[in-house]
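Hi,

Here is the structure I promised to pass on. Have a look first, and my notes follow below.

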Amino acid sequence: MKTIALANQKGGVGKTTTAACLGVGLSRQGKNVLLIDADPQGNLTQMMGWQQPDDLEQTLATLMEQIMLEKPLSTEQTILKQKDGVDLIPANIELSALEVSLVNAMSRETVLRQLLDTVKDRYDYAIIDCMPSLGMLSINALTAADSVIIPVQAQYLPAKGLQQLLKTVVRVKRQLNPKLDINGILVTMVDQRTNLSRGVLEQIRSAYGGKVFQSVIPISTKLAETALENCSIYDHEPGGKAARAYENLTEEVMSHGRSRENRKHEAVQVR
Ligand code: ATP
Ligand code: MG
């Protein structure tokens, strides 16, 4: 199982939208996908069709607490099966309290990793939607992940926030998770008609070069509508520019793993 975290402490950059579109995109490619909502706002849970996350009795908070207390896991009751062929560990407001209690827990950074280890044989991909902060839950996500996707919005010049996030990734890699890799920076909400959008895109490419996905996500009201209408972009506007952009991203994400495998393979052959 490859685990990918969607992270940026800046709010409203497209983390949740990307988690949903990538998850469904991978599932459409025949992959078994587990989505993990790691945001107490429960936006991903809502986007996947559970309009009232706070009514759910079993969520990510339940499972993480079971790990912390070394109790038997109720994974079967907690993982929700989705119509788009992806599974979901939902979240609601209870995750806020859980995050507070993590601070004093033993192995507090690895609770999510321990949880995902128990399901890793069942999925090809796990995708974690982080909340807009660099708190303990996001650190757990980075510690559990093989790679991180960082969505940035094309309406703002990449600021100190991105540097701070990249520093956090490096620290987690050094101290907690040596395999952590930057899958890519994803520029979202791109409006090719505006100089601002094009300028931001250019600046990000010149500053971060090979770390930036070739795929960019256009600004699209269709995409914003999917959140309300609870359907995937692939059904809402099949073949549209947003659907195609996320299909391209899905391809790039799948080949990220492949190119690394190839490199490993080559290294073996050279020796
Ligand atoms: P948060 O930090 O609050 O978790 P987020 O980073 O998860 O936010 P989203 O919730 O995915 O961001 O997106 C923020 C808003 O922008 C949502 O209303 C979403 O529907 C909309 N949106 C996301 N991507 C696009 C896009 N490419 N074009 C237009 N609107 C978009
Ligand atoms: Mg979100």
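One stretch to treat separately is residues 263-271, where pLDDT (the predictor's confidence in each residue, from 0 to 100) stays under 50. The model has 0 contacts (heavy atoms within 4.5 Å) beyond four places in sequence for residues 263-271. For the protein, the mean pLDDT is 92, and 94% of the residues reach 70 or more.

On conventions: this is a predicted model, where local features need pLDDT of at least 70 and side-chain atom pairs count only at pLDDT 80 or more, while totals for chains, interfaces and linings use all residues. Residues are numbered from 1 along each chain as its sequence is written, chains are lettered from A and ligands numbered from 1 in the order in which they are written, and side-chain values use heavy atoms, with hydrogens and water left out.

Now the inside. The largest nonpolar core (buried Ala, Val, Leu, Ile, Met, Phe, Trp, Tyr and Cys residues joined through side-chain atoms within 4.5 Å; buried is under 20% relative accessible area with a 1.4 Å probe, protein chains only) has 53 residues. Leu 60, Met 64, Leu 112, Ile 128 and Val 187 touch the most other members. Helix H7 (residues 136-144) gives the most to this core, 6 residues; helices are DSSP runs of H or I, at least four residues, numbered from the N terminus. Beyond four places in sequence, Leu 112 has contacts with Leu 60, Met 64, Ile 128, Asn 140, Ala 141 and Ala 144. Another core, of 33 residues, lies apart from it, and includes Ala 19, Leu 88, Leu 223 and Tyr 246.

Cheers

Methods. Buried < 20%, exposed > 50% of the residue type's maximum accessible area, 1.4 Å probe, protein only. Helix = DSSP H or I, 4+ residues; strand = E, 2+ residues; numbered from the N terminus.
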